[in-house]
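Grab a pencil and work through these exercises with the structure open beside you. Try each task before you read its solution.

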Amino acid sequence: MTRSLAPVHAQLPSPVARLLGRIQDHFGHRPAVARFLLIAMLSMFGPSPVMADGNVSPSLLADVVNQRADQLAPIDSDQGALTLFTTTIGPALGLKDASAALGAKRLSSKMVKELELAELSRSVHELMAALATWQFADSLRHDAEPSSALLSLSPARQDWLQARSRTPSLSHLLGLVQEDQALRTSQATSPTRNTEFLSAAERTRFESSQSAIAAWWDLYGWKDRIRQAKGRARLCGTWQWTIHNHQHHEDQKNTLVFHPDGQVPANSPVPSEMIILGDSIYLRWEHNGQIQEDSLLFMKDNTRIEGSFANSLGGWGSITGKRLAACKP
């Protein structure tokens, strides 16, 4: 039987913890392999002490906006935003890996592509624009003279915020501030006008905070996405798997084709979950209410795979695989 497979992007709350448990279950009959995998996973991919203590989370965003408002206020370009992120904001938000990668010098073009630094830079620009918009809206909420906040915005800063910010209400807020500035030169601002202005500032503040949270999670998951991409590239290709089912005492040979991302033929079955960390592979298959989980290990320079499976029908056994053909984009 031939199954056409393709990697999938799995967003899991705790992939390492779940994979460790599956390794223990499926490799229990091979203690040496299980111990090796557990040690490797804990040392290489376990959560950092900072994350384990709960000190790194999106809740840090509000602290950064409040404590570093003077640094956020002058940003008016992508380069300025990137420099502030790599030197100050990134580390303060627990994004040291991303800030270090973007701040590294003399990286080869291959490494730049492998680390997806162009996409990473765009995510940083989105985060910094969201923080700058958040800081601007927050300053208006506490400023007795809202028009003075607009005067502090240079044309370059206004253009950059409007170009980079994903806050829908920002343009409306800027328009209200400009109108407020014009009205103050001819008449006093009415209470109704003040209420409208403060409501717009609050909405912009909320929307920019949501954009900042989304960008933070995107940057926080960057390193795991790189690891997964490397793992999927290793698995890509044509394999012959020999599956021994201890429930029925029989062997079955399957030819499996793992396609590159974005090149999966229509109607091809894919795992519902795929986690690849180092040499360890976890695949979960779901079909017609039945579930099978494969716990595998790359062997011999990615030319072989060994591991085990268990399914919801009570079947369990070993899997050995050999590569028949390389990945074909």
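**Exercise 1: A patch on the surface**

Task: find which residues form a nonpolar patch on the surface, and where leucine 107 is found.

Solution. Start with the patch: Leu107, Met111 and Val112 make it up, and together they have about 200 Å² of accessible area. (Patches take residues with over 30% relative accessible area and no salt bridge, joining nonpolar side chains (Val, Leu, Ile, Met, Phe, Trp, Tyr) within 5 Å and like charges within 9 Å; areas come from the Shrake-Rupley method with a 1.4 Å probe, and for residues only the protein chains shown count as cover.) Next, place leucine 107: look in the loop between H7 and helix H8 (109-114). (Helices are DSSP runs of H or I with at least four residues, strands are E runs of at least two, and both are numbered from the N terminus.) Last, check its exposure: leucine 107 has a relative accessible area of 33%, so it's partly exposed. (Buried is under 20%, exposed over 50%, and partly exposed in between, with a 1.4 Å probe and protein chains only.)

Before you go on, remember that this is a predicted model: local features need pLDDT of at least 70, side-chain atom pairs count only at pLDDT 80 or more, and totals for chains, interfaces and linings use all residues. Residues are numbered from 1 along each chain as its sequence is written, and side-chain values use heavy atoms, leaving out hydrogens and water.

**Exercise 2: Salt bridges**

Task: work out which parts the salt bridge between lysine 230 and glutamate 114 ties together.

Solution. First, the pair: the two side chains meet at 3.2 Å, N to O. (A salt bridge is a side-chain nitrogen of Lys or Arg within 4 Å of a carboxyl oxygen of Asp or Glu.) Then locate them: lysine 230 sits in helix H14 and glutamate 114 in helix H8, so the bridge ties together parts that are 116 residues apart in sequence. Now contrast aspartate 224 and arginine 227, whose closest N and O atoms are 3.3 Å apart. Both of these lie in helix H14, 3 residues apart, about one turn of the helix.

**Exercise 3: Buried or not**

Task: arginine 284 and glutamate 286 form a salt bridge; is arginine 284 buried or exposed?

Solution. Check the distance: the closest N and O atoms are 2.7 Å apart. Arginine 284 is buried, because its relative accessible area is 15%. Glutamate 286 is partly exposed at 47%. To finish, salt bridges that share partners join Asp138, Glu202 and Arg205 into one network.
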